[in-house]
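Got your viewer running? Load the model, set a cartoon view, and keep the selection box handy; the tour goes stop by stop.

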Amino acid sequence: MLGEGILKGLAETAKNFAGSYVSKERLTTVQYPEERAEHIEASRVFPFLVYDGPDAFAGMRCVSCQICEKECPPKCIYIEKSKDKKPDYVGKPQNYPVRFDIDISVCMSCQICVEVCPFDAIKMDSVFEMATDNRFGGLLLDREKLLKSNEYYHSIHPTEATEVDGRLAEEKAKVEAKAKAAAEAAAAKAAAEAAAPKTAAPAAAPAAKPDAPKPTGGAE
Ligand code: SF4
Ligand code: SF4
């Protein structure tokens, strides 16, 4: 029937509209700012940088590989790599971002930076009240503003953060086991070398034979 699809669509819309007044699950409109929608784990607004432990600088996961900067579609990430290195979460010396800015007036919340980061260093935040009257720089978030603790990450995305923690702990255990095996192998090699008998000094070359006496001639 001509227009059947349109009628079906309108019926579905009407059902949802009426249902939004009686069903809690459908109450999608809240009287903001007096009321707040409940936080949902899958929400995402702008990215933030994760750090572990109490020290934001020491625990910063970002190693300044700049993959996110290259992959960001609107190019709103600006990174300056350090010249020196600091230990990462497994103790390996790594570079770190001296500067890490995200221009959230350009960011389109696509989450590509999160997906390409090999170090689980950048995640999506759920803070959305970020309006400012500072049009120059007010929406340019620097490293200090972007850095947030792993505990904060757990508070907004608990399932995802727990999964990341498990993966990082697994990687760390693997690296530590490898380092331990290498240390044990080196110690065993050193012990074997110490226990091995010293090899004998090469024998002295035989003394040169004196010249044989020249045969005397026959009876003269
Ligand atoms: S969310 Fe998308 S647009 Fe925003 S910084 Fe990440 S990659 Fe760029
Ligand atoms: S956030 Fe991730 S991808 Fe971006 S520079 Fe840091 S480590 Fe690399």
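Start with helix H6: of its 38 residues, the number buried is 1, so this helix lies largely in the open. Buried here requires 20 or more other C-beta atoms within 10 Å of a residue's own, exposed means 12 or fewer, and partly exposed is in between, with C-beta atoms placed from the backbone. Helices (H or I, at least four residues) and strands (E, at least two) are DSSP runs, numbered from the N terminus.

Some housekeeping before you click on. This is a predicted model: local features need pLDDT of at least 70, side-chain atom pairs count only at pLDDT 80 or more, and totals for chains, interfaces and linings use all residues. Residues are numbered from 1 along each chain as its sequence is written, while chains are lettered from A and ligands numbered from 1 in the order in which they are written.

**Stop 1: the helices in the open**

Stay on H6 and pick its end C-alpha atoms: they are 55 Å apart, which agrees with the 56 Å that 38 residues should span at 1.5 Å a residue. The expected span is 1.5 Å times one less than the number of residues.

Now select Leu 168, which is found in H6 (residues 158–195). Leu 168 is partly exposed, with 17 other C-beta atoms within 10 Å. Leaving aside neighbours within four places in sequence, Leu 168 is in contact with Tyr 89 and Asp 120; contact means C-beta atoms, placed from the backbone, within 7 Å. Leu 168 and Asp 120 are 48 residues apart in sequence, yet their C-alpha atoms are 8.6 Å apart in space.

Jump to H1, residues 4–19. Its 16 residues reach 22 Å from first C-alpha to last, close to the 22 Å expected. H1 is hardly covered, with a buried count of 0.

**Stop 2: zoom out**

Show the whole protein chain: there are 6 helices and 8 strands. Of its 220 residues, 17% count as buried. Among contacts with a separation of 6 or more, 67% are between residues 24 or more positions apart.

**Stop 3: the open sheet**

Colour S2, S5 and S7: these 3 strands form an open sheet in that order, with antiparallel pairing. Which are the edge strands? S2 and S7, since each pairs on one side only. Two strands pair if DSSP finds at least two bridges between them.

S2 (residues 77–81) is joined to S5 by 5 bridges. Along that seam, Ile 79 stands opposite Phe 100, and Glu 80 has Arg 99 as its bridge partner. On the other side, 2 bridges join S5 to S7 (residues 140–141), where Asp 103 stands opposite Leu 140.

**Stop 4: the nonpolar core**

A nonpolar core is a set of buried Ala, Val, Leu, Ile, Met, Phe, Trp, Tyr and Cys residues joined through C-beta atoms within 7 Å. In the largest one, with 25 residues, Leu 49, Cys 62, Ile 102, Ile 122 and Leu 146 touch the most other members. S1 (47–51), S5 (97–103) and H5 (150–156) each supply at least two residues of this core, and the largest share, 4 residues, comes from S1.

Centre on Ile 122: beyond four places in sequence, its contacts include Pro 47, Leu 49, Cys 62 and Cys 68.

**Stop 5: the two ligands**

For the shells, a residue is near a molecule if its C-beta atom, placed from the backbone, lies within 6 Å. Around ligand 1 there are 14 residues, the closest being Cys 72, Cys 107, Cys 110, Ile 112 and Cys 113. That shell has 12 nonpolar, 2 polar and no charged residues. Ala, Val, Leu, Ile, Met, Phe, Trp, Tyr, Cys and Pro count as nonpolar, Asp, Glu, Lys and Arg as charged, and the others, Gly among them, as polar.

Move to ligand 2, where the surrounding residues include Cys 62, Ser 64, Cys 65, Cys 68, Ile 79, Cys 117 and Ile 122. This shell has 10 nonpolar, 2 polar and no charged residues.

**Stop 6: backbone oddities**

Most residues other than glycine have a negative phi, and most peptide bonds are trans. Ser 64, in the loop between S1 and H2 (67–71), has a positive phi near 60 degrees. With 21 C-beta neighbours inside 10 Å, Ser 64 counts as buried.

Gln 111, in the loop between S5 and H3 (112–116), has a positive phi of about 75 degrees. Gln 111 counts as partly exposed, with 13 C-beta neighbours inside 10 Å.

Finish at Pro 33, in the loop between H1 and S1: the peptide bond from Tyr 32 to Pro 33 is cis, with omega near 10 degrees.

Conventions. Two residues are in contact if their C-beta atoms, placed from the backbone, lie within 7 Å.
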